[in-house]
Amino acid sequence: MSTRIAFLKGHGTENDFVIVPDPENAVDLSPAAVAALCDRRAGIGGDGLLHVVRSAAHPEAAEMAAEAEWFMDYRNGDGSVAEMCGNGVRVFAHYLQRAGHVAEGDITIATRAGVKSVHLAKNGDVTVGMGKAVLPEGDVTVSVDGYSWPARNVNMGNPHAVAFVDHLGQAGNLFTPPPVTPASAYPDGVNVEFVVDRGPRHVALRVHERGSGETRSCGTGACAVAVATARRDGADPAVTGTPVTYTVDVPGGRLVITEHPDGAIEMTGPAVIVAEGDLDAEWLAAVRL
């Protein structure tokens, strides 16, 4: 084994990630190793980890290799596996362009939530085709500090509970997962968004991401919020035949979400690489449990 392993650090609207390029899926990234890398004091620090692997080299992505050369093997900051990360896809695509693997324009990326279409624009923004939202039936309630709100259950390839509140301070500290009932609605946990209005088709949110705590941004969460807000506002592109666009402010910046009449959702926002270097392979080996 080499004594050094390459890494980069990037973020999308301040949702930050450790990036580990590993085209042939040769680096052993156990949950403990991922959690150590994402530790902000003892590791590199990040809300999650982007493991960059060729689809053909990963057993979970091999069947998607004909559609997408690259697989985003995404992990939460606690080391757990996640289906999808919207901000992560933008940063992943930006890394691929920076590394010379892809060019400006349209590309595809494999994820555990399926193959995603991505557009790399000249101005540096990245637009991701996020697929369609699923709106499961049934009432959901979110509670914080003795207060409760009805929430909209939205699935963007990963689960979300979207609650509309009077002010974002009502979300509390978001260090721990806000209680959501019934628990049976989310057997594998849930991302919880607290939302306030800022203006016409303009909202702001705070989010507790499953496995990461409060983050500065959540791309799938912004999409879930846009869909939930549109339905609250009586806007359903499938009914009207007209796309609907919402501006979604997150603590780390701004995302623009468009839902089309066929249900397809697009998210546009920035992606930034801030650093690159080498990991000490001996250190990494010591934390693989």
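This passage describes the fold, the empty spaces and selected residues of one predicted model.

The chain was assigned five helices and 18 strands. Its radius of gyration is 18 Å, close to the 19 Å that the globule rule gives for 289 residues, so the chain is as compact as a globular protein of that length. Along the principal axes, the C-alpha trace spans about 55 × 40 × 30 Å. Buried residues make up 52% of the 289. The surface was also computed. About 12,200 Å² of the chain is exposed, and carbon and sulfur atoms supply 50% of that area. Contacts reach far along the sequence. Among contacts between residues at least 6 apart, 62% join residues at least 24 apart.

Helix α1 covers residues 31–38. Its buried residues are A33, V34, A36, L37 and C38. Several elements contribute to their cover, including the strands β2 (15–21), β3 (48–54), β4 (70–76) and β18 (272–280). Helix α5 (281–287) is also part of that cover.

The loop between β2 and α1 holds two residues of interest. One is N25. Its phi is near 60°, a positive value in a residue other than glycine. Most residues other than glycine have a negative phi. N25 is partly exposed, with a relative accessible area of 27%. The other is D28. At a relative accessible area of 45%, D28 is partly exposed because this value falls between the 20% limit for buried and the 50% limit for exposed. D28 also illustrates how distant parts of the sequence are placed in space. Its C-alpha atom is separated by 9.1 Å from that of L284, although the two residues are 256 apart along the chain.

A further backbone feature occurs at E14, in the loop between β1 (4–12) and β2. E14 is not a glycine, yet its phi is positive, at about 65°. With 36% relative accessibility, E14 counts as partly exposed. The peptide bond from T181 to P182 is another case. This bond is cis, with omega near -5°. Most peptide bonds are trans. P182 is found in the loop between β11 (180–181) and β12 (191–199).

Empty space was examined next. Rolling a probe the size of a water molecule over the atoms shows where such space is left. The largest pocket holds about 180 Å³. Its lining consists of C38, D39, R40, R41, G46, D47, G77 and S212. By class, these residues divide into four charged, three polar and one nonpolar. C38 thus appears in two settings. C38 is a buried residue of α1, and C38 also lines the pocket.

The structure holds one cavity of 30 Å³ or more. The largest cavity has a volume of about 70 Å³. Its lining comprises 13 residues, of which N76, M84, N158, N191 and E209 lie nearest the centre. Both β4 and α3 supply at least two lining residues each. The lining divides into six polar, five nonpolar and two charged residues.

Two buried residues have contacts that include residues of this lining. T220 is found in helix α3 (residues 219–232). Its relative accessible area is 1%, so T220 is buried. Beyond its sequence neighbours up to four places away, T220 touches M84, C85, G86, M130, M156, N158 and H160. Of these, M84 and N158 are among the residues nearest the cavity centre.

H208 lies in strand β13 (residues 202–209). H208 is buried, with a relative accessible area of 3%. With neighbours within four places left aside, its contacts are L174, F175, T176, P177, P178, V190, N191, V192, G213 and E214. N191 is another of the residues nearest the cavity centre. The C-alpha atoms of H208 and F194 are 8.8 Å apart, with their positions 14 residues apart in sequence numbering.

T108 offers a further example, in strand β5 (residues 105–111). T108 is partly exposed, with a relative accessible area of 32%. Residues up to four places away aside, T108 touches E67, A68, V115, K116 and S117. V256 is 148 residues from T108 in sequence, and the two C-alpha atoms are 20 Å apart in space.

Note on methods. Residues are numbered from 1 along each chain as its sequence is written. This is a predicted model: local features need pLDDT of at least 70, side-chain atom pairs count only at pLDDT 80 or more; totals for chains, interfaces and linings use all residues. Side-chain values use heavy atoms; hydrogens and water are left out. On a 1 Å grid over the protein atoms alone, a cavity is a set of points where a 1.4 Å probe fits but cannot get out, and a pocket is an open set with protein on both sides within 12 Å along at least five of seven lines; lining residues have an atom within 4 Å of a point. Grid points are joined across faces, edges and corners, and a volume is the space filled by probe spheres set on the points. Ala, Val, Leu, Ile, Met, Phe, Trp, Tyr, Cys and Pro count as nonpolar, Asp, Glu, Lys and Arg as charged, and the others, Gly among them, as polar. Buried means under 20% relative accessible area, exposed over 50%, partly exposed in between (1.4 Å probe, protein chains only). Helices (H or I, at least four residues) and strands (E, at least two) are DSSP runs, numbered from the N terminus. Contact means heavy atoms within 4.5 Å. The radius of gyration is taken over C-alpha atoms; the globule rule is 2.2 Å times the number of residues to the power 0.38. Accessible areas come from the Shrake-Rupley method with a 1.4 Å probe; for residues, only the protein chains shown count as cover.
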